[in-house]
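Please open the model in your viewer and keep the sequence panel beside it, since each stop below begins with a selection.

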Amino acid sequence: MKLIKLLYISIFILLAQGVAAQVDFEAKLSKKKLGINERLQINFEMNKDGDNFSPPSFSGFTVVGGPSQSVSNSWVNGKHTYKKTYTYFLAPKKRGTFTIGQATIVIEGETYKTTPVKVEITAAVDKPKDPNDPDYVASESIHLVAEVSKANPYLNEAITVVYKLYVAPGTGVSNWREMDIPRYDDFWSQSIDTKGQRVQNGTYNGEDYRFLVLRKTVLYPQRTGKLNIEPLSLDVSVQVPTNKRDIFGSRLMTRVNKTVSAGNRTIDVKPLPEKGKPADFTGAVGDFSFKVSTTKNELNATESLQAKVEVRGKGNLKLFKLPKISLPSSLEVYEPEHSENVSTNSRGMQGSISDSYTVVPQYKGKYPIPSISFSYFDLKTESYKRISSDEIIIDVLEGPTASTSTSNTSGASTTKQPVLNTSNQFAFIKTKTDFTSVNNTYFFKSKIFWSALLLPFLAIPLAIVIRRKKAYRDADVVGNRIRQADKLARKYLKGAKKQLGKKEAFYEALEKALHNYLKAKLRIETSELSKERIQNLLNERGVEADVVGDFIAIFENCELARYTPITNVTMQEDYDKAAKTISLIDKQAR
């Protein structure tokens, strides 16, 4: 009887050990049905420690957080419990039903896989107002606002759009990225530099906030009616407080990725009034001054002067044409040279534009430059204004005189006559020189002559030596492979080297370099491959196991380093290890 009892006890102990030795590895979802505006948390849990964890591809989702790793050990009534968890936070890309594939891990030499899980994504839902939910706190604490200076401007009137990011007290922003930049198809636009902007204090919906001006743009509407200003969208990393506290009693912060948008803005552009519009109006809107000036009023025939038509002030200076001057036919006029001296700030364009005409008189006499006018729409009085220039008289003192001419109403000659030859007509041209020789030496039989003659003969032995060295190097197959491998490693790791010292940017660039190298070397797309698959492919190509292990280890370092403190020395070591590993793979792979 005692023997049977001992047998039962032994069997029970063996079964208990067998159950205790069973490995559990499974994927757990925070919810299986969620709205497209919600976030999904997925945990990959295991009851034994493992290596070479490989997550699924998360097709249909964007990874907005993770992987974060946690380990717990507990003893209850002498029984040890172990749990290790990899956590990801996912954002749905679109509505529908999606399957999250298998994750894999190696535990005690065996590979384990999770069971695929299905998730249903529905239309956007109203989020519950949970003050302990970091995502909800972030949505209530950060706002992107587009402020338009005027909602009902005139055609070609400057308006300013300022994009401000408001952040509630107690909340921080560590980084942001522009996801969708607005296009201003119906506007002439000019971005204003906002670098060096400081955080300011302000109010949003009657509450105290801090804000930063992210973007400032000046717009000139180019057509009338209702025009749409597209929204600016940002992906923002928000630091929000949690209900947990550290040993000093301060609240701990957690990071949440949030997409914010300024929303569409619509303005109603008014047409310029037809009443009182001048016939010569070319679209100038603003506040301007106008003048016509010349560099000379007195000169001789065949000399030149500059006649300048200039508009100065504030308004759409780059968006209209200047009036043209009308000159007598006895003055030779060249095409004007247009110049702009315009700066743009938050109030619009200001400065001056001008057309400079080169004028050359042919005959002696007095020639008028008639008065011309410039019309513009004045925004202050909402009426058209006209400015006229003064008449300018050009007095040509010396030069040929037309023998017969017919005077027009302005007093200028309208018939050109042949130029009269005079004895001093070409007096301005020098016909005699006093040149002296500056170099009495000759090239023939000089040092330069002999050098140029002998240099090709001296270069022949040098060319032979270089050619032999090149042939020897081409024949060195092993050496060439080594040099090519080192060159390839430097090529792919060039981007990572530039980011040394910046932890997140460096490891992102390093991971991208490793993926690009695999894509080029194995001629595969790496986005759907697990570490196990990459390991098998490299083994099939004849790469040594130690080298493959180092390559996989670098991948793991890239994943874990973003969430753990890393020194510059460690980053340099990982960079050197990656360069060495890529070089070794390229030498060994068949």
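The tour goes from a nonpolar core to salt bridges, and then to a surface patch and a helix. Keep in mind throughout that this is a predicted model.

**The largest nonpolar core**

Begin by selecting Leu144, Tyr163, Ile229, Ile267 and Leu272, which touch the most other members among the 35 residues of the largest nonpolar core. Then colour the elements that give two or more residues to this core, namely helix H2 (134–141) together with the strands S11 (142–148), S12 (159–167), S16 (207–221), S17 (225–229), S18 (233–245), S19 (251–261) and S20 (265–269). Strand S12 gives the most to this core, with 5 residues.

Now centre the view on Tyr163 and show its surroundings: leaving aside residues up to four places away in sequence, Tyr163 touches Val145, Ala146, Pro182, Tyr184, Leu212, Val213, Leu214, Arg215, Ile229, Glu230, Leu232 and Ala262. Apart from the largest nonpolar core lies another core, of 28 residues, and to find it you can select Phe290, Val292, Leu327 and Ile394, which are among its members.

**Salt bridges**

Next, turn to the charged side chains, which form 17 salt bridges in the structure. Select Lys150 and Glu157, whose side chains meet in one of them with an N to O distance of 3.0 Å. Lys150 counts as partly exposed because its relative accessibility is 33%, while Glu157 is buried, with a relative accessible area of 9%, which falls under the 20% cut-off.

Which distant parts of the chain does the pair of Arg223 and Asp186 link? Select both residues, whose side chains meet in a salt bridge at 3.2 Å, N to O. Arg223 sits in the loop between S16 and S17, whereas Asp186 sits in the loop between strand S13 (172–180) and strand S14 (187–192), the two residues being 37 residues apart. Arg223, at 42% relative accessibility, counts as partly exposed, and Asp186, with a relative accessible area of 25%, is also partly exposed.

Move on to Lys277 and Glu274, which form a salt bridge whose closest N and O atoms are 3.2 Å apart. Here Lys277 is partly exposed at 33% relative accessibility, whereas Glu274 is exposed at 61%. To end this part, select Glu26, Lys28 and Glu45, which are linked in a network of salt bridges.

**A nonpolar surface patch**

Switch to a surface representation and select Trp450, Leu453, Leu454, Leu455, Phe457, Leu458, Ile460 and Ile464, which make a nonpolar surface patch of about 840 Å². Phe457, one of these residues, lies in helix H3, which covers residues 447–475. Phe457 counts as exposed because its relative accessibility, 58%, is over 50%.

**Helix H9**

Finally, select residues 568–588, which form helix H9; these 21 residues reach 30 Å from the first C-alpha to the last, close to the 30 Å expected at 1.5 Å a residue. Which residues of H9 are buried? They are Met571, Asp574, Tyr575, Ala578, Thr581, Ile582, Ser583, Ile585, Asp586 and Gln588.

Pause at Asp586 in helix H9, which counts as buried because its relative accessibility is 10%. As a last step, select Lys521 as well and draw the distance between the two C-alpha atoms: Asp586 and Lys521 are 65 residues apart along the chain, and their C-alpha atoms are separated by 7.9 Å.

Conventions: Residues are numbered from 1 along each chain as its sequence is written. This is a predicted model: local features need pLDDT of at least 70, side-chain atom pairs count only at pLDDT 80 or more; totals for chains, interfaces and linings use all residues. Side-chain values use heavy atoms; hydrogens and water are left out. Patches are made of residues with over 30% relative accessible area and no salt bridge: like charges are joined within 9 Å, nonpolar side chains (Val, Leu, Ile, Met, Phe, Trp, Tyr) within 5 Å. Accessible areas come from the Shrake-Rupley method with a 1.4 Å probe; for residues, only the protein chains shown count as cover. A salt bridge is a side-chain nitrogen of Lys or Arg within 4 Å of a carboxyl oxygen of Asp or Glu. Helices (H or I, at least four residues) and strands (E, at least two) are DSSP runs, numbered from the N terminus. Buried means under 20% relative accessible area, exposed over 50%, partly exposed in between (1.4 Å probe, protein chains only). A nonpolar core is a set of buried Ala, Val, Leu, Ile, Met, Phe, Trp, Tyr and Cys residues joined through side-chain atoms within 4.5 Å. Contact means heavy atoms within 4.5 Å. The expected span of a helix is 1.5 Å times one less than its number of residues.
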